[in-house]
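Colleague: Could you take me through one part of this model in detail, namely the nonpolar interior and the residues that touch or border on it? I would like a connected account rather than a list.

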Amino acid sequence: LFTERPVLLADGPVSNLDEHQGMALLGDTLERHDSAVVAMHDRALALACFQRVIGLRHGEPVLDAPSSTLTLADLDTLYRP
């Protein structure tokens, strides 16, 4: 995951790991980049590891907020039609 570039672009980089390994690897990886844009479906990990969450539906932003202001229930709304 570490590309020695300032920005990390990733799609589900820890989706196949258990929550503890995923948290450790993602935390270590984020420390090595200045910025990150990461697509994730693990809502708890997104809230724990990122400063901001942007939710998309059909390619359009429907949520854009600091993770500190969000709950898992807020993110559940992204998965409802």
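Modeller: Contact here means heavy atoms within 4.5 Å, and the model is a predicted one. With that cut-off, and not counting residues up to four places away in sequence, Ser67 touches Leu47, Phe50, Gln51, Arg52 and Val53. Ser67 belongs to the loop that runs between strand E4 (60–66) and helix H3 (72–76), and it counts as buried because its relative accessibility is 9%, where buried means under 20%.

Two of the residues touched by Ser67 lead into the interior. Phe50 is a member of the largest nonpolar core, which has eight residues and also includes Leu8, Ala10, Val14, Leu26, Leu30, Leu45 and Cys49. At least two residues of this core are supplied by each of E1, helix H1 (19–31) and helix H2 (43–49). Apart from this core lies another one, of seven residues, and Leu47 is among them, as are Leu70, Leu75 and Leu78. Ser67 thus touches Phe50 and Leu47, of which Phe50 is listed in the eight-residue core and Leu47 in the other. In soluble globular proteins, nonpolar side chains tend to be buried together.

Within the eight-residue core, Cys49 deserves a closer look: leaving aside its neighbours within four places in sequence, Cys49 is in contact with Met23, Leu26 and Leu30, and of these partners Leu26 and Leu30 are themselves listed in that core.

Strand E1 (residues 7–11) also holds Leu9, and with 66% relative accessibility Leu9 counts as exposed, whereas Leu8 and Ala10 belong to the core. Together with Val7 and Val37, Leu9 makes a nonpolar surface patch of about 300 Å².

As for the setting of this interior, the chain has three helices and four strands, and from the N terminus on its elements run β-α-β-α-β-β-α. Among the contacts with a separation of 6 or more, 45% are accounted for by residues 24 or more positions apart. Of the 81 residues, 26% count as buried, and the accessible surface of the chain comes to about 5900 Å², with 52% of it belonging to carbon and sulfur atoms. The C-alpha atoms fill a box of roughly 35 × 25 × 20 Å along the principal axes, and the radius of gyration of 13 Å agrees with the value near 12 Å that a compact globule of 81 residues would have.

Note on methods: Residues are numbered from 1 along each chain as its sequence is written. This is a predicted model: local features need pLDDT of at least 70, side-chain atom pairs count only at pLDDT 80 or more; totals for chains, interfaces and linings use all residues. Side-chain values use heavy atoms; hydrogens and water are left out. Patches are made of residues with over 30% relative accessible area and no salt bridge: like charges are joined within 9 Å, nonpolar side chains (Val, Leu, Ile, Met, Phe, Trp, Tyr) within 5 Å. Accessible areas come from the Shrake-Rupley method with a 1.4 Å probe; for residues, only the protein chains shown count as cover. A salt bridge is a side-chain nitrogen of Lys or Arg within 4 Å of a carboxyl oxygen of Asp or Glu. Buried means under 20% relative accessible area, exposed over 50%, partly exposed in between (1.4 Å probe, protein chains only). The radius of gyration is taken over C-alpha atoms; the globule rule is 2.2 Å times the number of residues to the power 0.38. A nonpolar core is a set of buried Ala, Val, Leu, Ile, Met, Phe, Trp, Tyr and Cys residues joined through side-chain atoms within 4.5 Å.
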